[in-house]
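The following report describes the fold, the packing and selected side-chain contacts of one protein chain. The sequence and the structure are shown first.

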Amino acid sequence: MINKEVFKDLPIDLKGDFVFQKGSFVGSRVYGFLKMVLYKTDSFFVEVVYQIENNKIEDVIYISDSDVKRFYKVNFNKD
């Protein structure tokens with residue numbers, strides 16, 4: 001299994017492959033012209049950042065547990 005340190009160093013296309021194959025959708029939020037979609041992997045959370053206007057993936061990033069708590073109204077359970 002990949003850990004967050006290895007994930008952070010992957011190119012964006014491999015990050016996307018990993019998240020869309022191994023992650024589970026948790027929720028989403030909108031910030032200005034961006035939509036952030038939260039996924040949970042076995043050991044950490046990931047946000048996929050979309051440009052709303054052209055529905056393009058801007059970035060795929062690790063998000064800390066504390067930021068998940070701050071930005072998402074989801075039941076926080078790491079199990």
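## Surroundings of R29

Leaving out residues up to four places away in sequence, R29 touches L34, K35, M36, E47, F71 and Y72. The model examined here is predicted. R29 belongs to strand β1, and its relative accessible area of 18% lies under 20%, so R29 counts as buried. With E47, one of these contacts, there is a polar contact between side chains at 3.1 Å.

## The sheet and its helix

The strand that carries R29 is part of an open sheet. Four strands form this sheet in the order β1-β2-β3-β4, with antiparallel pairing. Its edge strands are β1 (24–31) and β4, each of which pairs on one side only. On average, and with direction ignored, neighbouring strands of the sheet are turned by 20° against each other.

Helix α2 (residues 12–22) packs on the sheet and touches β1, β2, β3 and β4. The direction of helix α2 makes about 75° with that of β4.

Two of the strand pairings can be described further. Strand β1 runs antiparallel to strand β2 (residues 34–40), and seven bridges join them. Within this pairing, S28 has V37 in β2 as its bridge partner. Strand β3 (residues 45–51) pairs with strand β4 (residues 56–63) in the antiparallel sense, over seven bridges. Here V48 stands opposite V60 in β4. The hairpin of β3 and β4 has four residues between the strands, and N55 takes a positive phi near 50° in this hairpin.

## Nonpolar cores

Which residues make up the largest nonpolar core? This core has eleven residues in all: I2, F7, F18, V19, V37, Y39, F44, V46, V48, Y50 and V60. At least two residues of the core are supplied by each of α2, β2 and β3. The largest share, three residues, comes from β3. Apart from this core lies another one of seven residues, among them M36, V49, I63 and Y72.

V37, a member of the largest core, is in contact with F25, G27, S28, V46, E47, V48, Y50 and Y72, leaving aside its neighbours within four places in sequence. The list thus includes S28, which is also the bridge partner of V37, and E47, whose side chain makes the polar contact with R29.

## Aromatic pairs

The structure holds six aromatic pairs. A pair of aromatic rings is described by the distance of the centres and the angle of the planes. Two of the pairs are set out below.

| Pair | Centre to centre | Angle between planes | Arrangement |
|---|---|---|---|
| F7 and F18 | 5.9 Å | 55° | tilted |
| F20 and Y39 | 5.7 Å | 85° | edge-to-face |

The pair of F7 and F18 links distant parts of the chain: F7 lies in helix α1 (residues 4–9) and F18 in helix α2, eleven residues apart. F7 has 0% relative accessibility and therefore counts as buried. F18 is likewise buried, with a relative accessible area of 12%.

The pair of F20 and Y39 also links distant parts of the chain, with F20 in helix α2 and Y39 in strand β2, 19 residues apart. Is F20 buried or partly exposed? At 41% relative accessibility, F20 counts as partly exposed, whereas Y39, at 13%, counts as buried. Ring pairs further link F7, F18, F44 and Y62 into a cluster.

## E58 and V6

E58 is found in strand β4. Its relative accessible area is 41%, a value between the limits of 20% and 50%, so E58 counts as partly exposed. Not counting residues up to four places away in sequence, E58 touches I12, V49, Y50 and Q51. The side chains of E58 and Q51 are joined by a polar contact of 2.4 Å. E58 and M36 are 22 residues apart in sequence, and their C-alpha atoms are 9.8 Å apart in space.

V6 is located in helix α1. With a relative accessible area of 41%, V6 is partly exposed. Between V6 and K69 there are 23 Å in space, C-alpha to C-alpha, and the two are 63 residues apart in sequence.

Key:
Residues numbered from 1 in each chain as written. Predicted model: local features only at pLDDT ≥ 70, side-chain atom pairs only at ≥ 80, totals over all residues. Heavy atoms only, no water. Pairing = 2+ DSSP bridges. Axes fitted to C-alpha atoms, helices over the stretch in contact; angles between N-to-C directions. Contact = heavy atoms within 4.5 Å. Buried < 20%, exposed > 50% of the residue type's maximum accessible area, 1.4 Å probe, protein only. Polar contact = N/O pair within 3.5 Å; in protein donor to acceptor, adjacent residues only side chain to side chain. Core = buried A, V, L, I, M, F, W, Y, C linked by side-chain atoms within 4.5 Å. Phe/Tyr/Trp six-rings, centres within 6.5 Å; stacked < 30°, edge-to-face > 60°.
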